[in-house]
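This report describes the interior, the strand arrangement and the local backbone features of a single structure. The sequence and structure are shown first.

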Amino acid sequence: MQSWNLTEIEAPGGTVDPAVLTTDDGARAIAIRLDAGQTMNDHQVRERAWVVVVEGRAQIRSGDELVDGGVGTLVTFAPGERHAVSSVDGARVLLILAPWPGPGHYPDGEAAS
């Protein structure tokens, strides 16, 4: 068993310095702190992504859809679905990617490092 207190995980650079908590059994869990006004710009991943707001409030966008979510909000994206996450006042979110790595995540079949 492993456990984490998601409200205490350090991410001194906010979104530019996410903390990978674990990578095993085909999934990856990442803690991300968004400082006030910080944004994870529009992007996509090869895996299904789940975003859980664990502290503060985050604005989660995909296309024209927007979820303004507080603590306990869970949003999921299909593999390849473009999305962005931001916070006006700051937030902590948990990002789970599965299966990890998704098909095509590493070009030319490179292994995960």
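## Nonpolar core

The model is predicted, and its largest nonpolar core comprises 17 residues, within which Ala 58, Ile 60 and Leu 95 have the most contacts. Two or more residues of this core come from each of β2, β4, β5 (58-62), β7 and β9. The greatest contribution is that of β9, which gives 4 residues.

## Sheet organisation

An open sheet is formed by 5 strands, arranged in the order β1-β2-β9-β4-β7 with antiparallel pairing. The edges are occupied by β1 (19-24) and β7 (74-77); each has a single partner strand, so one side of each lacks a neighbour in the sheet. Between neighbouring strands of the sheet the average turn is 15°, with direction ignored.

Within this arrangement, β4 (residues 48-56) pairs with β9 in the antiparallel sense over 8 bridges. Arg 48 has Ala 98 of β9 as its bridge partner.

## Internal cavity

A search of the whole structure for cavities of 30 Å³ or more yields 1. The space in the largest cavity amounts to about 40 Å³. Its lining consists of Leu 6, Ile 9, Glu 10, Ala 11, Ala 31, Ile 32, Arg 33, Arg 92 and Val 93.

Two strands, β2 (27-34) and β9 (91-98), each provide at least two of the lining residues. The largest share is that of β2, with 3 residues. By residue class, the lining of the largest cavity contains 6 nonpolar and 3 charged residues, and no polar ones. The strands β2 and β9 thus appear in the cavity lining as well as among the elements that contribute to the largest nonpolar core.

## Local backbone features

Most peptide bonds are trans, and most residues other than glycine have a negative phi. Two sites in the model are described here against that background.

The peptide bond from Ala 98 to Pro 99 is cis, with omega near -10°. Pro 99 is placed in the segment after β9, while Ala 98 is the bridge partner, in β9, of Arg 48.

The second site is Asp 25, which is not a glycine and yet has a positive phi of about 50°. Asp 25 is located in the loop between β1 and β2. Is this residue buried or exposed? Asp 25 counts as exposed because its relative accessibility is 81%, and the cut-off for that class is over 50%.

Technical notes
Residues are numbered from 1 along each chain as its sequence is written. This is a predicted model: local features need pLDDT of at least 70, side-chain atom pairs count only at pLDDT 80 or more; totals for chains, interfaces and linings use all residues. Side-chain values use heavy atoms; hydrogens and water are left out. On a 1 Å grid over the protein atoms alone, a cavity is a set of points where a 1.4 Å probe fits but cannot get out, and a pocket is an open set with protein on both sides within 12 Å along at least five of seven lines; lining residues have an atom within 4 Å of a point. Grid points are joined across faces, edges and corners, and a volume is the space filled by probe spheres set on the points. Ala, Val, Leu, Ile, Met, Phe, Trp, Tyr, Cys and Pro count as nonpolar, Asp, Glu, Lys and Arg as charged, and the others, Gly among them, as polar. Two strands pair if DSSP finds at least two bridges between them. Axes are lines fitted to C-alpha atoms, for helices over the stretch in contact, and angles run from 0 to 180 degrees between N-to-C directions. A nonpolar core is a set of buried Ala, Val, Leu, Ile, Met, Phe, Trp, Tyr and Cys residues joined through side-chain atoms within 4.5 Å. Buried means under 20% relative accessible area, exposed over 50%, partly exposed in between (1.4 Å probe, protein chains only).
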